[in-house]
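Colleague: I am new to this structure and would like to learn how to read its features one by one. Could you take me through them slowly, giving the general idea before the particular case?

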Amino acid sequence: MRRLLLAGAAALLLGAGSLASGALAVTFRWANDGDVNSMDPYARNETFLLTFTANIYEPLVRRNRELRVEPALATSWSQPSPTVWRFNLRQNVRFHGGEPFTADDVLFSAERVRAQGSNLTSVLSSVKEIRKVDDFTVEFETHQPDPIFLEEITTWVMMSRRWAEANNATRTVDLTTGQENFATRNANGTGPFILASREPDRRTVLRVNPNWWDRVEHNLTEVQFNVIANDATRIAALLSGEVDMVYTVPPQDTERLSRQQNIRIHQQAELRTVFLGFDQARDELLKSDVRGRNPFRDVRVRRAFQQAIDLEAIRTRIMRGQSRPSALMYGPGVNGYVPAEDRIVRPDPDGARRLLAEAGYPNGFGITMDCPNDRYVNDEAICTAIVSMLARIGVRVTLNAQTRARYFAEILAPRYQTSFYLLGWTPTTYDAHNTFFNIMASRDASRQRGVFNSGGWSNPEFDRIVDQIAVETNPARRQELINQANRIHIEDVGHIPLHQQTVVWAARSNITLQQMADNYFPLRYVRVGQ
């Protein structure tokens with residue numbers, strides 16, 4: 001059910017294709033099991049935060065309905081040389097606070113996204129220098145040719161220098177510290193929606209931007225986002241009409257909802273890969289009963305864990321068929337994916353026990369597994385199943401499942417306080433290099449490399465190949481390098497890929513929306529019908 005509010009004489013005057021003065025105002029209400037942890041778009045490189053704040057803030061270039069790059073705050077771009085990208089900025093654009101968008105805001109945003117506290121430092125990792133040519137022209141010079149530079153900056157949105165300076169928010173607050181600044185609960189972008197109110201872990205309200213520069217496709221005047229952690233309560237809210245759409249649908253409820261005449265299921269394979277990681281950096285694990293050594297530094301232990309896990313059982317029993325088991329850290333739809341390289345390891349508990357014994361752990365050992373309980377589809381249930389599978393080979397796992405806010409603060413940079421964890425990653429460039437560089441390459445803060453490599457897996461040859469991939473412009477040669485990197489990682493069991501989950505949303509039948517393979521939810525495509 002939608003809520004209709006009569007707009008009076010002071011109705012918002014919207015852009016072309018939108019509601020005219022005196023029309024009915026339309027409120028769209030949707031729900032998720034977890035909240036957006038911050039309104040600061042650089043606070044966390046996590047899909048839900050990025051997609052939510054992308055309704056308020058905008059990048060120079062964005063993805064369209066088909067996930068292709070198109071102009072946004074930049075109207076066009078060119079390459080005067082192989083290492084220089086020149087962007088012509090959109091004129092007559094204003095931030096929600098009224099200040100004009102100019103090149104100064106681009107330079108400020110570049111400085112802010114690469115500064116301490118930002119979780120998106122890698123988006124400009126290839127950039128050597130940023131120059132202001134004039135008020136509406138900027139140039140990015142990369143260290144070397146970067147064939148996927150446009151794809152790399154689609155999640156980097158522009159912030160107002162004047163607003164940030166006036167509100168002491170020129171730096172992103174590191175979410176792992178638990179501190180906040182003005183940008184944590186407030187926002188000032190150029191996008192189609194304006195932040196109206198913010199109640200963390202409960203409700204966030206957006207209202208339409210009457211001065212948005214783009215052609216309006218939605219028919220919304222207000223958006224209410226509600227946090228409903230309990231699965232049954234969230235689904236009940238959809239069925240009763242209290243909300244119009246649910247972003248996270250439990251697999252066990254999909255079939256029941258599909259039989260409802262007034263509910264429509266939206267689903268497709270997601271680009272995200274969910275995987276397991278191990279702490280291989282410390283001499284002694286933080287969360288284990290093994291003293292004086294780190295069992296995960298032995299490839300035999302990592303391979304034993306891999307052989308203990310039954311991916312098909314997770315697919316059928318936990319995910320209800322809504323996943324695709326994977327042997328790679330990225331799947332179909334990502335540039336560089338080759339089906340022939342994606343060979344699943346079948347479960348072999350007896351072989352796993354032999355490997356543990358060879359490594360010096362004939363009776364197994366104890367370990368704590370860190371897991372979110374409100375981030376991925378059935379995340380805690382997946383971890384619970386893995387606990388049981390590892391028990392069969394003598395590994396005693398203590399499950400530490402917690403909300404995404406606490407979970408990410410613990411396992412991600414700069415703390416990396418984990419020994420064994422579950423994580424998911426969507427390559428925002430839709431290219432294998434993004435996963436290699438952020439998740440698998442050796443941690444190197446000076447290059448913003450390996451920021452999300454929580455376990456610290458490191459292989460010099462892998463790193464060397466990843467550096468080559470970053471600058472290789474010949475597609476065939478680049479694919480050869482990608483395959484080589486994958487084989488190194490697979491042989492060393494750097495991580496254990498589990499699956500690509502299926503994105504399942506549910507909405508009332510009068511809702512038109514665009515579901516994306518990257519699990520982004522652009523409100524600019526939402527329409528509420530009668």
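Modeller: Let us begin with a term that we shall need for a helix: a residue counts as buried when its relative accessible area is under 20%. Please keep in mind throughout that this is a predicted model.

Colleague: With that cut-off in hand, is helix α8 largely enclosed or largely open?

Modeller: Helix α8, which covers residues 299–308, has seven of its ten residues buried, and it is therefore largely enclosed by the rest of the structure. The buried ones are Val301, Arg302, Ala304, Phe305, Gln306, Gln307 and Ala308.

Colleague: Which elements do the buried residues of α8 pack against, and what caps its N-terminal end?

Modeller: The packing partners are the strands β14 (273–278), β18 (420–425) and β19 (496–508), together with the helices α10 (349–358), α11 and α15 (475–492). The N-terminal end of α8 is capped by Asp298, which has a side-chain oxygen 2.8 Å from the backbone nitrogen of Arg300.

Colleague: How should I read a nonpolar core, and which residues have the most contacts inside the largest one?

Modeller: As a general idea, nonpolar side chains in soluble globular proteins tend to be buried together. In this model the largest nonpolar core has 145 residues, and those with the most contacts inside it are Phe28, Trp30, Leu60, Phe87, Leu124, Phe140 and Trp156. Helix α11 provides the largest share of this core, with seven residues. A second core, separate from that one, consists of twelve residues, among them Ile235, Ala237, Val243 and Val246.

Colleague: Which residues does Trp156 touch, once those up to four places away in sequence are set aside?

Modeller: With those left out, Trp156 touches Tyr42, Pro59, Leu60, Val106, Ser109, Ala110, Val113, Val123, Leu124 and Phe140.

Colleague: Where is Met158 found, and is Met158 buried or exposed?

Modeller: Met158 sits in the loop between α3 (149–152) and α4 (161–166), and its relative accessible area is 0%, so it counts as buried. Its C-alpha atom is separated by 5.7 Å from that of Pro59, although these two residues are 99 residues apart along the chain. Beyond its neighbours within four places in sequence, Met158 is in contact with Tyr42, Tyr57, Glu58, Leu60, Leu73, Phe95, Phe101, Val106 and Ser109.

Colleague: Let us turn to empty space: how many cavities of 30 Å³ or more does a search of the whole structure find?

Modeller: The general idea is that rolling a probe the size of a water molecule over the atoms shows where empty space is left. Here the search of the whole structure finds five cavities of 30 Å³ or more. The largest cavity holds about 380 Å³ of space, and of the 26 residues that line it, Ala54, Arg62, Arg63, Thr154 and Tyr520 lie nearest its centre. Helix α1 (47–53) and strand β3 (61–63) are the elements that give two or more residues to this lining, with α1 contributing the largest share, four residues.

Colleague: What is the volume of the second largest cavity, and which element gives the most to its lining?

Modeller: The second largest cavity has a volume of about 180 Å³, and strand β18 gives the most to its lining, with three residues. There are 16 lining residues, of which Asn45, Glu46, Thr47, Gly424 and Trp425 lie nearest the centre of this cavity.

Colleague: And what lines the largest pocket?

Modeller: The largest pocket, with a volume of about 700 Å³, is lined by 39 residues, and those nearest its centre are Gly34, Asp374, Thr403, Arg404 and Ala405. By class, the lining has 13 nonpolar, 13 polar and 13 charged residues. Helices α5 (182–185), α6 (231–240), α7 (251–258), α11 (379–391) and α12 (404–411) each supply at least two residues of this lining.

Colleague: To finish with a loop residue, where does Thr248 lie, and which residues does Thr248 touch?

Modeller: Thr248 lies in the loop between β12 (245–246) and α7, and at 16% relative accessibility Thr248 counts as buried. Apart from residues up to four places away in sequence, Thr248 touches Ala31, Asn32, Asp33, Arg234 and Val504. The side chains of Thr248 and Asn32 are joined by a polar contact of 2.4 Å.

Methods: Residues are numbered from 1 along each chain as its sequence is written. This is a predicted model: local features need pLDDT of at least 70, side-chain atom pairs count only at pLDDT 80 or more; totals for chains, interfaces and linings use all residues. Side-chain values use heavy atoms; hydrogens and water are left out. On a 1 Å grid over the protein atoms alone, a cavity is a set of points where a 1.4 Å probe fits but cannot get out, and a pocket is an open set with protein on both sides within 12 Å along at least five of seven lines; lining residues have an atom within 4 Å of a point. Grid points are joined across faces, edges and corners, and a volume is the space filled by probe spheres set on the points. Ala, Val, Leu, Ile, Met, Phe, Trp, Tyr, Cys and Pro count as nonpolar, Asp, Glu, Lys and Arg as charged, and the others, Gly among them, as polar. A nonpolar core is a set of buried Ala, Val, Leu, Ile, Met, Phe, Trp, Tyr and Cys residues joined through side-chain atoms within 4.5 Å. Buried means under 20% relative accessible area, exposed over 50%, partly exposed in between (1.4 Å probe, protein chains only). Contact means heavy atoms within 4.5 Å. A polar contact is a pair of N or O atoms within 3.5 Å; within protein, one must be able to donate a hydrogen and the other to accept it, and residues adjacent in sequence count only if both atoms are side-chain atoms.
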